[in-house]
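Please open the model in a viewer with the sequence panel visible. The tour proceeds by selections, each followed by what is to be found there.

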Amino acid sequence: MKTRNTHILSIFLGILFSNHVFPQDNKIKNTVKICGTIESYSGIYKTGKLTYYDALTRDINDKIFPIDSAGNFSVNFYLPHPIFNSTSFDLEGKYYSDFLIEPNTNYTAIIKDNKIHFTGKTGKLNQEISKFKDSLNIIFMDRSKKTDQLHEQNISFEEYIAYHKKLENDKLSFLTSYFKKRNKEKKIKTILANEIKFKTANTWINYRFDVPNSGLKKSLPDFFYDHLFQDYSILTNDDYHSRECIDYISNIVSALSIETIQASDLVDHFKSLNLFST
């Protein structure tokens, strides 16, 4: 089974990283520059750290950069595709994340009141994302925390996934209602919808873990992976921009590498998507 799954894993990665999903890469153009200022800078920390994680390499990348006496900093890095909530700053012992970064773009930001505030023309998308996330958290924060703790309870998979899907659908309904009242870029709604959707995909595939015993569950429903791949496909460039989708990809790779997953589930799913050229 391990040899068979290794073969299927190669097929999966080959499709995922082909032109069907990933655009042609350009290391010259695909660079990002972020210039920032720490308001009320203490001067104690002389450097900061940027950590980012993309779907192409799935490597954790760290960039250390200096902070001058006025609290100003600048960091440049290569990025193969847009990423949302997959970048974080470590500044003065505090962490800042939950923002969108796109290749070939320069950003300016201010660190103020324990938040990162993007400014200027390129900061508008992050400003709107931040407003939505604040509104979403007011309504769903407590419910999200309770749902995230379901893996610690002894409940059936059907009950477990029903809770998560209900939360996903309610959040997507809120997202739709929110954007009906505001004339915002479609890109923002797509990014946020994918984050919500692939959050459920991650919780689904992570059900395979037996958390109390720090291992894998001895058995899963027969349809576990088949229905997962049907319900949460990765089909477009937009899909993998979210950290939730990047983690979902990593979880699929992990499951294919170490478990007795039915390889036919994934192959049949790929065939149904017409990803193979004829």
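Select helix 2 (residues 124-148) together with its surroundings: strand 5 (83-84), strand 8 (100-101), strand 9 (105-112), strand 10 (115-119), helix 3 (157-180) and helix 4 (186-205) are among the elements that cover its buried residues. Helices (H or I, at least four residues) and strands (E, at least two) are DSSP runs, numbered from the N terminus. This is a predicted model, in which local features need pLDDT of at least 70 and side-chain atom pairs count only at pLDDT 80 or more, while totals for chains, interfaces and linings use all residues. Residues are numbered from 1 along each chain as its sequence is written, and side-chain values use heavy atoms, with hydrogens and water left out.

Within helix 2, display the side chains of Leu-125, Asn-126, Glu-128, Ile-129, Phe-132, Lys-133, Leu-136, Phe-140, Ser-144 and Thr-147, which are buried (under 20% relative accessible area, with a 1.4 Å probe and protein chains only). Next, centre the view on Phe-140: where does the kink in helix 2 lie? The kink, of about 65°, is centred on this residue; the bend is the angle between axes fitted to the seven residues ending there and the seven starting there. The end C-alpha atoms of helix 2 span only 31 Å, whereas a straight helix of 25 residues would span 36 Å at 1.5 Å a residue (1.5 Å times one less than the number of residues).

Now add the open sheet, whose four strands follow the order 4-1-9-10 with mixed pairing; two strands pair if DSSP finds at least two bridges between them. Strand 4 (72-78) and strand 10 are the edge strands, each pairing on one side only. Strand 9 and strand 10 run antiparallel and are joined by five bridges; Ile-111 stands opposite Ile-116 in strand 10.

At the other edge, strand 1 (residues 31-38) pairs with strand 4 in the antiparallel sense over seven bridges. Ile-34 stands opposite Val-75 in strand 4. Along strand 4, Phe-73, Val-75 and Phe-77 point to one face and are buried, while Asn-72, Ser-74, Asn-76 and Tyr-78 point to the other and are not.

Finally, select Ile-101. Its contacts (heavy atoms within 4.5 Å) include Val-32, Ile-34, Phe-77, Tyr-107 and Phe-118. Of the 49 residues in the largest nonpolar core, Phe-89, Leu-91, Ile-101 and Tyr-248 touch the most other members. Such a core is a set of buried Ala, Val, Leu, Ile, Met, Phe, Trp, Tyr and Cys residues joined through side-chain atoms within 4.5 Å.

Methods
Buried means under 20% relative accessible area, exposed over 50%, partly exposed in between (1.4 Å probe, protein chains only). Lists of a residue's contacts leave out its neighbours within four places in sequence.
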